Each structure stands twice: as C-alpha cells, then as structure tokens.
Amino acid sequence: MKALVFDIRVNSLYSIRIPFTWQSALTYPVLPPSAVIGMLANALQRNKNNKHPLEYLDLVEDNILWAGSRLLTPCVIKSYITSAIVKWEDTLGGKFTNALGRQYAYSKKIQIAAIFKSDTLTSDIAEALKTSPLTCGDSESPISLDSEVMIKDVADDIKDETIQTEYPVPFTKDTKIEDGNGQVYLMHERCKKSGNNFPLVSYMVPIREEQKILKPSSLTVKVSDEKVFEIKGIGNVLSKR
C-alpha cells in the first residue's frame, strides 16, 4: 500500500462544478475525490493508450483506497455570467444563447494525494503524471506539476483517539470535530455509478474564510468509526469504513 502525493500549479481559473448546480453553477475550492480519480485515470490512459479509457478508470477505482486534495495557498472564488450556445440553427431573430451564472476559483497551488492497494499501479501512475497533460476538474482548466511526484509509505494501524488533518473529512452527524475551521460540501467519492447508486457524500473541507478569501486550515477530529491512514511525511487522512 503506497500513496501518491504531488503539488499542482493552476494555470488559469478553474471551475469544478458542484453536481446539483446548473443555472447558477457553483464550484468546489478543491478537487473532490472523483476529480482526483478522473485526473489519475486520464493521465494513465494518455500514457499507456492501449485500452478503452473506461478500462483505465475501472482499474484506478478498483485499486484506490482514498483520494483527496487540499489548498496550499489562499483561494478566491468569483461569480461570472457566461453565454452558453443552446442551438445552432433558428429562424431570423431567434435566440441562440442562454446566459448562465458560473463560479470560477483560483488558487496558486493545490496538493493532491491518493492511496492505492497496488504498488505497481502507483508507480505506473507516477510515471504517467510526468508526461501527460493534466487538467483541474475539466478540460478548460490546465494545470502543471509543481513538485516531484512522490511515492510515500502508508500506515493504516493508527490507534490515536484524536488526529489532525489538512485534508477533507467525511462528515456526518456523528463526526466529532474538536478544533479547526471548515466548510461542508457534498462530493462524489467515485466517477462511476455502483448499480443505480451515485451518492453525494458530505465532506468538511479544512478552510477558513477571511475577507472573502478562503485560506488553508486544519481539523482536529476525535476518531470514532472513521478509518485513519498516515501518509509518511504528509500527515493523517480519514475515510469512511
């Protein structure tokens, strides 16, 4: 069991749309687990390119134990009005576009981490990330690596009653946050449906807002039913059991 950890530099504004928002699309400040998985599977497919893209997605989703991201620098989110083309043909005087509100975010650096069962797959994805074009949630938001792609050891026998983390935490009514600042977002944990189920899961993202700027924070959590992983040299992360 190994973890991939790397920093990304965002080359433009990014908009990782919260799924249930459309007419006024809201964005996540960080990449949800599904976006991290999609980025890794896309890099692997572009590097190997000998299977259907969905086969690479299946491979990554079958082997991943946890995925997440965190802000390394402050993040600004602003709303804009965009013009979407809704049809290509119409009568004279007809309307071809529709005005839609959409949020865009910018943070200079974000850290990505993912824990895998397979050491071989971890190494393959690490190599793919170095040579493949990467995007932040959608094809319109290019990103660049801003650090080495590190492969870290992972411990999963953590017995501490209380841990501190800088990564998003699964959040339910039973989650015991003892200290820190965060905002709750609904996120997909995977890219593909399981049967007819494609649930959104509540996560508390460790950020604090100061004068409308989101800044990195941390959470101190009293562990109850959560699974704790320690990524050596990076810190603790939590997942659902």
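Here is a short set of notes on helices, rings and a few single residues in this predicted model.

1. Ground rules. Residues are numbered from 1 along each chain as its sequence is written, and side-chain values use heavy atoms, with hydrogens and water left out. Since the model is predicted, local features need pLDDT of at least 70 and side-chain atom pairs count only at pLDDT 80 or more, while totals for chains, interfaces and linings use all residues.

2. Let's start with helix 3, residues 119-131 (helices, H or I of at least four residues, and strands, E of at least two, are DSSP runs numbered from the N terminus). Its 13 residues should span 18 Å at 1.5 Å a residue, and the end C-alpha atoms are 19 Å apart, which agrees. The expected span is 1.5 Å times one less than the number of residues.

3. Which residues of helix 3 are buried? They are Leu-121, Thr-122, Ile-125, Ala-126, Ala-128 and Leu-129; buried means under 20% relative accessible area, exposed over 50%, and partly exposed in between, with a 1.4 Å probe and protein chains only. Seen down the axis, these buried residues fall within an arc of 165°, so they line one face of the helix. (The arc is that of the directions from the helix axis to the C-beta atoms.) Over on the other side, Thr-120, Lys-130 and Thr-131 are exposed.

4. If that one-sided pattern looks odd, here is some background. An α-helix has 3.6 residues a turn, so residues three or four places apart point the same way.

5. Now zoom in on Leu-121, which sits in helix 3 and is buried at 6% relative accessible area. Leaving aside neighbours within four places in sequence, Leu-121 is in contact (heavy atoms within 4.5 Å) with Leu-44, Leu-59, Val-60, Asn-63 and Phe-116.

6. Helix 2 (residues 53-63) has its own buried set: Tyr-56, Leu-57, Val-60, Glu-61 and Asn-63. What covers them includes helix 1 (33-48), strand 3, strand 6 (109-116) and helix 3.

7. On to the rings: the structure holds three aromatic pairs. Rings of Phe, Tyr and Trp (its six-membered ring) pair if their centres lie within 6.5 Å; planes under 30 degrees apart count as stacked, over 60 as edge-to-face and the rest as tilted. One of the pairs is Trp-66 with Tyr-167, whose centres are 5.3 Å apart and whose planes are at 85°, so this pair is edge-to-face. Trp-66 lies in strand 3 (residues 64-71) and Tyr-167 in the loop between strand 10 (162-165) and strand 11 (169-170), so the pair ties together parts that are 101 residues apart in sequence. Trp-66 is buried at 4% relative accessibility, and Tyr-167 is buried at 3%.

8. Tyr-80 and Tyr-104 form another pair: with centres 6.0 Å apart and planes at 70°, they are edge-to-face. Tyr-80 is in strand 4 (residues 75-85) and Tyr-104 in strand 5 (residues 97-107), 24 residues apart. Is Tyr-80 buried or partly exposed? At 38% relative accessible area, Tyr-80 is partly exposed, whereas Tyr-104 counts as buried at 19%.

9. Finally, look for lysines over rings (NZ of Lys or CZ of Arg within 6 Å of the ring centre and within 35 degrees of the ring normal). Lys-51 lies over the face of Tyr-56, at 5.8 Å from the ring centre. Lys-227 lies over the face of Phe-229, at 5.7 Å from the ring centre.
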